[in-house]
Amino acid sequence: MNQAFDASIPVLTEVVREEAPAPAPAPAPEPAAEASFLGTDWEQFEKEVSVRILQQLQSRVDFVLEQRIRDSIAEVLDQSLRELTGQLREGLHDTLGKIVTRAVQQEITHLQARKK
């Protein structure tokens, strides 16, 4: 996927910098309690950042997907319209040709009948 950089989508370092909790003063807890506290705090932070990033990405993906579908449908409809127009034109020319041929034949038959 070769897409241009979209400035409206923040990069992870911007999200982390903006959302990082302020560091708490470090009392001197026991090493096991400190590791447990930091682990729980960072796990929660990771979940929040993940949810926020997923929401931002999903809304952007939805927008891009919708735009691409619209573009694809527009292209398909345009091509179909060109083909249908060509088919209608051919059918109309064929029908008009048959009508004119029949009208000419009827007129010739009518004129020949008047001569007799």
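This briefing walks through the helices, surface, charged pairs and aromatic contact of the structure above. The model is predicted, so please read every value below as computed from predicted coordinates. The chain has two helices and zero strands, and 3% of its 116 residues count as buried.

**Overall layout**

- Helix α1 covers residues 12–19, and helix α2 takes in residues 31–115.
- The chain exposes an accessible surface of about 10500 Å². Carbon and sulfur atoms account for 60% of that surface.
- Pro10 sits in the segment before α1. With a relative accessible area of 25%, Pro10 is partly exposed.
- Pro10 and Gln56 are 46 residues apart along the chain, yet 8.7 Å separates their C-alpha atoms.

**A nonpolar patch on the surface**

- Which residues make the nonpolar surface patch? Val61, Leu65, Ile69, Ile73 and Leu77 do, and the patch has an area of about 470 Å².
- Ile69, one of the patch residues, has its place in helix α2.
- The relative accessible area of Ile69 is 43%, which puts this residue in the partly exposed class. Patch members need over 30% relative accessible area, so Ile69 at 43% meets that cut-off.

**Salt bridges**

- Side chains of opposite charge can pair when their charged atoms come close.
- How many salt bridges does a search of the whole structure find? The search finds three, and they are taken one by one below.
- Arg70 and Glu66 meet through their side chains, with 2.7 Å from N to O. Both residues belong to helix α2 and lie four residues apart, about one turn of the helix. Arg70 is exposed at 53% relative accessible area, whereas Glu66 is partly exposed at 42%.
- Arg82 and Asp78 form another salt bridge, at 2.4 Å from N to O. Here too the partners lie in helix α2, with four residues, or about one turn of the helix, between their positions. Arg82 counts as partly exposed at 47% relative accessibility, and Asp78 is partly exposed at 36%.
- Asp94 pairs with Lys98, and the closest N and O atoms are 3.4 Å apart. Because Asp94 and Lys98 are four residues apart in helix α2, about one helical turn separates them. Asp94 is partly exposed at 43% relative accessibility, while Lys98 is exposed with a relative accessible area of 56%.
- The cut-off for a salt bridge is a nitrogen-to-oxygen distance within 4 Å, so the 3.4 Å between Asp94 and Lys98 qualifies.

**The aromatic pair**

- A search of the whole structure turns up one aromatic pair. Trp42 and Phe45 form this pair, with 5.3 Å from centre to centre and 85° between the planes.
- Is the pair of Trp42 and Phe45 stacked or edge-to-face? The pair is edge-to-face, because planes over 60 degrees apart fall in that class.
- Trp42 and Phe45 both lie in helix α2, three residues apart, which is about one turn of the helix.
- The two partners differ in cover: Trp42 is partly exposed at 46% relative accessibility, whereas Phe45 is buried at 10%. Buried means under 20% relative accessible area, so Phe45 at 10% falls in that class.

Technical notes. Residues are numbered from 1 along each chain as its sequence is written. This is a predicted model: local features need pLDDT of at least 70, side-chain atom pairs count only at pLDDT 80 or more; totals for chains, interfaces and linings use all residues. Side-chain values use heavy atoms; hydrogens and water are left out. Patches are made of residues with over 30% relative accessible area and no salt bridge: like charges are joined within 9 Å, nonpolar side chains (Val, Leu, Ile, Met, Phe, Trp, Tyr) within 5 Å. Accessible areas come from the Shrake-Rupley method with a 1.4 Å probe; for residues, only the protein chains shown count as cover. Buried means under 20% relative accessible area, exposed over 50%, partly exposed in between (1.4 Å probe, protein chains only). Rings of Phe, Tyr and Trp (its six-membered ring) pair if their centres lie within 6.5 Å; planes under 30 degrees apart count as stacked, over 60 as edge-to-face and the rest as tilted.
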